[in-house]
Amino acid sequence: GVLLSSVGVFQWGANFCHYINVLFTLCFCETPPTMLACGRNSSAVISSEGKLMTTGSNKKGQIGHGPATCKWYFETPDSLEDVCFNYVDCFDGHMAAVDVDGRLFVSGSCYYGQLGTGYQEAKFGFQFLGEWRAAGHAMAEKRMVHVSKSEICGVIQPPFGGERVSIVACGEMHTIALTVTGRAWSTGFNYFGQLGLGDGISRYNFNEIVNENFAKYGKHNCQVVNVVAGESYSILLCQNGNLFSCGRNSSGELGIGDLIDRNVPTLVEGLFARRIVSVSAGVFHSTAITQDGDLFSWGKGWYGQLGLGHSRDTCLPSKVWIPETVDDHVMMAAAGMQHTLMLTRDKTVWVCGRGCHGSLGTGSLGVRMIPFRLDPNVFRQANSAADVICVVAGHHHSGFVTSDGNVYMCGRG
């Protein structure tokens with residue numbers, strides 16, 4: 001998900017039965033978005049009034065609309081009508097959102113504990129993650145889930161040490177939450193070590209990620225300020241600009257120079273001292289932006305999604321060069337499954353990777369091995385002065401928000 005600040009009319013289009021390889025916009029509502037998130041077959045938006053609206057597949061309960069199999073348009077779940085939100089994220093089978101009071105709400109599949117409720121039961125409506133009674137020892141034996149002595153006794157505990165949540169990130173079967181004091185917590189499937197807890201045991205409740213490496217490579221400003229999640233890996237960004245990653249690394253998605261999984265957050269040394277200000281995790285590849293506006297990418301590159309001019313996987317961060325542009329300062333980047341979106345300081349949108357579902361918005365289903373510039377006039381259908389202010393990548397679809405509050409979509413609808 002990406003936080004936005006915009007004015008004007010918010011517009012959206014959704015059709016989950018077709019591929020749309022050209023950009024389009026449809027009138028949806030009259031409140032501009034403050035945040036947009038795209039997953040595999042679902043999307044979510046938060047309006048300027050704090051309303052959370054979801055659409056797409058609901059087979060696992062991931063959009064929180066009860067027993068409905070899907071929603072063809074954006075709508076606020078009934079249970080959330082009176083709740084105001086400021087953050088949301090989704091991936092495949094579950095969704096998580098944070099309200100203005102720092103409370104975490106979750107919905108969807110929980111087979112591996114990704115909702116952090118303490119149980120395997122899926123939720124087909126958003127549940128507030130308040131005090132929970134932890135899972136018993138029987139579940140630990142059945143599912144290889146780690147539980148503490150207090151959890152075995154069924155002690156009621158407040159999540160996140162009683163602190164307010166500020167950011168949440170959803171992987172395929174795990175979730176990471178960040179509190180206002182910079183403490184990171186994780187839950188869910190952990191076979192590859194993506195929870196960053198030092199082992200490969202899955203969790204059904206949120207556990208704090210305690211890592212001495214955060215301070216080891218920078219004693220000052222070492223608190224975590226952002227967390228993102230790929231399919232089976234996680235990346236944490238510290239205030240001092242250092243990046244740490246953990247989890248599955250079969251395609252080099254951790255960016256640490258090898259293909260070995262890590263179960264604790266490990267420094268991305270190739271970007272050490274580069275002062276990273278933004279990071280994005282796709283399914284198998286990642287991007288990071290430095291304070292100077294340089295874009296780096298790493299991970300799976302089979303379809304050119306790294307923007308490096310080749311289709312090889314890359315296990316070290318490599319600089320992405322924006323061709324034939326006056327201002328190549330990258331302000332924002334979004335990694336999808338097989339494509340990447342970029343927004344430069346001059347409000348130009350660049351895309352690379354696989355366009356088979358139309359996710360690049362180029363009007364073609366071909367592959368772009370290096371960044372390709374989208375015509376800015378495409379985004380000015382409703383307002384000739386509008387510029388793109390945000391890009392968001394789902395698995396097979398993409399979203400672009402303009403300064404007048406319009407949202408343009410392309411890809412698998």
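Guide: Two strands pair if DSSP finds at least two bridges between them. Keep in mind that this is a predicted model.

Visitor: Which two strands form a hairpin with three residues between them, if I start from β9?

Guide: β9 forms that hairpin with β10. β9 covers residues 85–90 and β10 covers residues 94–99; they pair in the antiparallel sense over five bridges. One pair to look up is aspartate 89 of β9, whose bridge partner in β10 is alanine 96.

Visitor: Why is β9 described as largely enclosed by the rest of the structure?

Guide: Buried means under 20% relative accessible area. Five of the six residues of β9 are buried, so the strand is largely enclosed.

Visitor: How many residues of strand β16 are buried?

Guide: Six of the six, residues 174–179, so β16 is also largely enclosed by the rest of the structure.

Visitor: How do I read the two faces of a strand?

Guide: In a regular strand the side chains alternate between the two faces of the sheet. In β16, His174, Ile176 and Leu178 lie on one side, with Thr175, Ala177 and Thr179 on the other. Both faces are covered, since these residues are all buried.

Visitor: Which strands are joined to β16 by bridges?

Guide: β15, residues 165–170, is joined to β16 by five bridges. β17, residues 184–188, is joined to β16 by five bridges as well. Both pairings run antiparallel. For β15, valine 165 has threonine 179 of β16 as its bridge partner. For β17, serine 186 stands opposite isoleucine 176.

Visitor: What lies between the strands in these two hairpins?

Guide: Three residues lie between β15 and β16. Between β16 and β17 there are four residues, and in that hairpin glycine 182 takes a positive phi near 90°.

Visitor: Which residues have the most contacts inside the largest nonpolar core?

Guide: They are Leu52, Phe85, Val88, Leu104, Phe160 and Val227, in a core of 48 residues. β15 gives the most to this core, with five residues. Apart from this core lies another, of 22 residues, which includes Leu36, Leu341, Val351 and Met409.

Visitor: What does leucine 104 touch, not counting residues up to four places away in sequence?

Guide: The list for leucine 104 is Ala96, Ala97, Val98, Gln127, Phe128, Leu129, Phe160, Val165, Val168 and Phe206. Of these names, Val165 has come up already, as the bridge partner of threonine 179 in β16.

Conventions
Residues numbered from 1 in each chain as written. Predicted model: local features only at pLDDT ≥ 70, side-chain atom pairs only at ≥ 80, totals over all residues. Heavy atoms only, no water. Buried < 20%, exposed > 50% of the residue type's maximum accessible area, 1.4 Å probe, protein only. Core = buried A, V, L, I, M, F, W, Y, C linked by side-chain atoms within 4.5 Å. Contact = heavy atoms within 4.5 Å.
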